[in-house]
Structures are given as structure tokens and as C-alpha cells.
Amino acid sequence: MARARAKLTGAAAYRKKLQTLQKKFPDEVKRALYVETEIEVKEVKRRTPVDTGNLRASIHQVGPTREGRRVFTKIVAGGTAAPYAIYVHEDPDAFHKVGQWKYLESVILESRPFLAQRIAKRIELNRAVS
């Protein structure tokens, strides 16, 4: 793990450095979360059942969005292009030549234990490059 190095002299310089990090951190989280969500979107699309292709094409990321101290993204499927998305997602008895039911939920549940670590690693990598 790379360590950031800084030379601070005096309380004023320390306070300024902390204020700068405080302002930048949400943007770093947003950048990292955007990239990691895009990875999840690709996997969701890979698992999505395909008949006409409209459902798979409707899947996209919304955000990242910041509300106070919370930063989050959403993966959205369906809408007017594929209003049947919820039925395809929730029907365990439907047969799909391509894809599976719970195409969105399964990806999120599998990633959940590791996502915070992946985002932290992405922030670390982004900071090393900057």
C-alpha cells in the first residue's frame, strides 16, 4: 500500500491540508464508485435474459449522487424500453436460453461483501496515479 507523504509546518498548514482532503474526498469516492458500478453494470448485462435485447440495452448506471455525507449509485433496468424488467427479474419459473432470473440482485449480493474494499483500493490507486 502506497503511503502519502506530506511536510507540514505549523497548525495553519495542517488545518489547510485537512480542509483540502475533506473537500476532495467525496469526489474521490464518487470517481471510484462510478468505475466500480460500471463493472457491476457489465456483469448485470452479462446475466440479463435476452429475447429482443431491449431489457439488456435498458440497463444503466445512475449517479454517483451525493446527499450530505452519503455517496451512492443505482443500477437501473427497464423503464419505457423494457417495462417487463421486474417480471423477468422475479420469475424463477421462466426459461431463459440466455441469462438468468435475479440478474441484477445476484450481482449485487455477490459483490456486497467486497465492494467497500474495491472502492477503497480504487481510491488508493487513483491517488497513486495523481
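Start with the whole chain: read along the sequence, its pattern is α-α-β-β-α-α. Colour by secondary structure and count four helices and two strands. Keep in mind that this is a predicted model.

**Stop 1: the whole chain**

Show all 130 residues; 26% of them count as buried. Now think about contacts between residues at least 6 apart in sequence. Of these, 57% join residues at least 24 apart.

**Stop 2: the two strands**

Select β1, residues 60-67. Then add β2, residues 70-76. In which sense do β1 and β2 pair? They are antiparallel, and six bridges link them. For one of these pairings, pick R66 in β1. Its bridge partner in β2 is V71.

Move to the turn. β1 and β2 make a hairpin, with two residues between them. Click on G68 in this turn: its phi is positive, about 65 degrees.

**Stop 3: the largest nonpolar core**

Nonpolar side chains tend to be buried together in soluble globular proteins. Here is an example to select. How many residues does the largest nonpolar core have? It has 11. Type them in: V41, V44, L55, I59, I75, A82, A85, V88, Y103, L104 and V107. Two helices, α1 and α3 (85-90), each supply at least two residues of this core.

Zoom in on A85. Set aside its neighbours within four places in sequence. What is A85 in contact with? Its contacts are L55, A77, G78 and Y103. Two of these names, L55 and Y103, are also on the core list.

**Stop 4: a second core**

Next, select V29, L33, I119 and I123. They are among the five residues of a second, separate core. Leave L33 and I119 highlighted for the last stop.

**Stop 5: the second largest pocket**

Turn on the surface. Rolling a probe the size of a water molecule over the atoms shows where empty space is left. The second largest pocket holds about 250 Å³ of space. Which residues lie nearest its centre? Select L33, T37, T73, L115 and I119. You met L33 and I119 in the second core.

Now show the full lining, which has 15 residues. The elements giving two or more residues to this lining are α1 (10-47), β2 (70-76) and α4 (105-129). Which element gives the most? That is α4, with six residues.

Finish by colouring the lining by residue type. Nine residues are nonpolar, three are polar and three are charged.

How values were computed. Residues numbered from 1 in each chain as written. Predicted model: local features only at pLDDT ≥ 70, side-chain atom pairs only at ≥ 80, totals over all residues. Heavy atoms only, no water. 1 Å grid on protein atoms, 1.4 Å probe; cavity = no way out; pocket = protein on both sides within 12 Å on 5 of 7 lines; lining within 4 Å. Points joined across faces, edges and corners; volume = space filled by probe spheres on them. Nonpolar A, V, L, I, M, F, W, Y, C, P; charged D, E, K, R; others polar. Core = buried A, V, L, I, M, F, W, Y, C linked by side-chain atoms within 4.5 Å. Buried < 20%, exposed > 50% of the residue type's maximum accessible area, 1.4 Å probe, protein only. Contact = heavy atoms within 4.5 Å. Pairing = 2+ DSSP bridges.
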